[in-house]
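Hi everyone, thanks for coming. I'd like to walk you through one structure today, piece by piece, so have it open in front of you while I talk.

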Amino acid sequence: PSSLPSLWRQPSSSSHESKCPDKLLKSVFLDDAELLEMRYEVVFHEGDDAKDSIGLLCVSLIYTGAAGWIGIAFSESTRNPQFGRKEAIIGIP
């Protein structure tokens, strides 16, 4: 990634490197017209002790229509989107 998520930390064990697979096999369409597909995999990494267990979300968004940009965002907030930690990624096709 061009920038790491705000709470990213490297696992303490350098002998195991987590990385995204070459092919993302899981997928879901995010719209009724099936123009926007999200392909994804979750890669788990177990560190030297339980607190070093982390996961890596690997995502590819594929839009088959015409678009000027595409984006995805994650938030911890439940009712009020103004509060909570947020991460967003915007890409230009």
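**Strands, a sheet and a disulfide**

Let's start with one pair of residues: Gly 71 has Ile 90 as its bridge partner, and Ile 90 sits in β5. One thing to say right away is that what you're looking at is a predicted model.

So that bridge belongs to a bigger pairing. Strand β4, residues 70-75, runs antiparallel to β5, and six bridges join the two. If you're new to this, strands of a sheet pair through backbone hydrogen bonds, and they can do it either parallel or antiparallel.

Stay on β5 for a moment. How many of its six residues are buried? Zero, so strand β5, residues 86-91, is hardly covered. Take Lys 86 as an example, which is found in strand β5. Lys 86 has a relative accessible area of 41%, so we call it partly exposed. Along the chain, Lys 86 and Ser 75 are 11 residues apart, yet their C-alpha atoms are separated by 4.4 Å.

Okay, let's zoom out. What does the protein chain have in the way of helices and strands? Zero helices and five strands. Reading along the sequence, you simply get β-β-β-β-β. The chain has 93 residues, and 13% of them count as buried. It exposes about 7,600 Å², with carbon and sulfur atoms supplying 55% of that area. And if you take the contacts with a separation of 6 or more, 35% of them are between residues 24 or more positions apart.

Now for the other strands. There's an open sheet of three strands, in the order β1-β2-β3, and the pairing is antiparallel. Why do β1 and β3 each have one side without a neighbour in the sheet? Because β1 (26-29) and β3 (54-63) stand at the edges, and each has a single partner strand. From one strand to the next, the twist averages 25°.

Let's go through the two pairings in that sheet. β1 and β2 are antiparallel and share four bridges. One of the bridges puts Val 28 opposite Met 38 in β2. These two strands make a hairpin with six residues between them, and in that hairpin Glu 34 has a positive phi near 55°. On the other side, β2, which covers residues 36-45, is joined to β3 by 10 bridges, again antiparallel. There, Glu 37 has Ile 62 in β3 as its bridge partner.

Two neighbours in β2 deserve a closer look, and here's a handy thing to keep in mind. In a regular strand, the side chains alternate between the two faces of the sheet.

Glu 37 first, which has its place in strand β2. Is Glu 37 buried or exposed? With 13% relative accessibility, Glu 37 counts as buried. Its side chain makes a polar contact of 3.4 Å with the side chain of Ser 27. The side chains of Glu 37 and Arg 39 are also joined by a polar contact, of 3.4 Å. Skipping residues up to four places away in sequence, Glu 37 touches Ser 27, Val 28, Phe 29, Ser 60, Leu 61 and Ile 62.

Then there's Met 38, in strand β2 too. Met 38 has 16% relative accessibility, so this one counts as buried. Setting aside neighbours within four places in sequence, its contacts include Lys 26, Val 28, Leu 30, Val 59, Leu 61 and Ile 72. Met 38 and Ile 62 are 24 residues apart in sequence, while their C-alpha atoms are 6.4 Å apart in space.

Last stop, the disulfide. The structure holds one. Which residues form it? Cys 20 and Cys 58, with their sulfur atoms 2.1 Å apart. This pair links distant parts of the chain: Cys 20 is in the segment before β1, Cys 58 is in strand β3, and they are 38 residues apart. The torsion about the S-S bond is about -95°, so the disulfide is left-handed.

The two cysteines sit in rather unlike surroundings, by the way. Cys 58 has 2% relative accessibility, so it counts as buried. Cys 20 has 37%, so it counts as partly exposed.

That's my tour. Feel free to turn the structure around and find these residues yourselves.

Notes: Residues are numbered from 1 along each chain as its sequence is written. This is a predicted model: local features need pLDDT of at least 70, side-chain atom pairs count only at pLDDT 80 or more; totals for chains, interfaces and linings use all residues. Side-chain values use heavy atoms; hydrogens and water are left out. Two strands pair if DSSP finds at least two bridges between them. Axes are lines fitted to C-alpha atoms, for helices over the stretch in contact, and angles run from 0 to 180 degrees between N-to-C directions. Buried means under 20% relative accessible area, exposed over 50%, partly exposed in between (1.4 Å probe, protein chains only). Contact means heavy atoms within 4.5 Å. Accessible areas come from the Shrake-Rupley method with a 1.4 Å probe; for residues, only the protein chains shown count as cover. A disulfide is a pair of cysteine sulfur atoms within 2.5 Å. A polar contact is a pair of N or O atoms within 3.5 Å; within protein, one must be able to donate a hydrogen and the other to accept it, and residues adjacent in sequence count only if both atoms are side-chain atoms.
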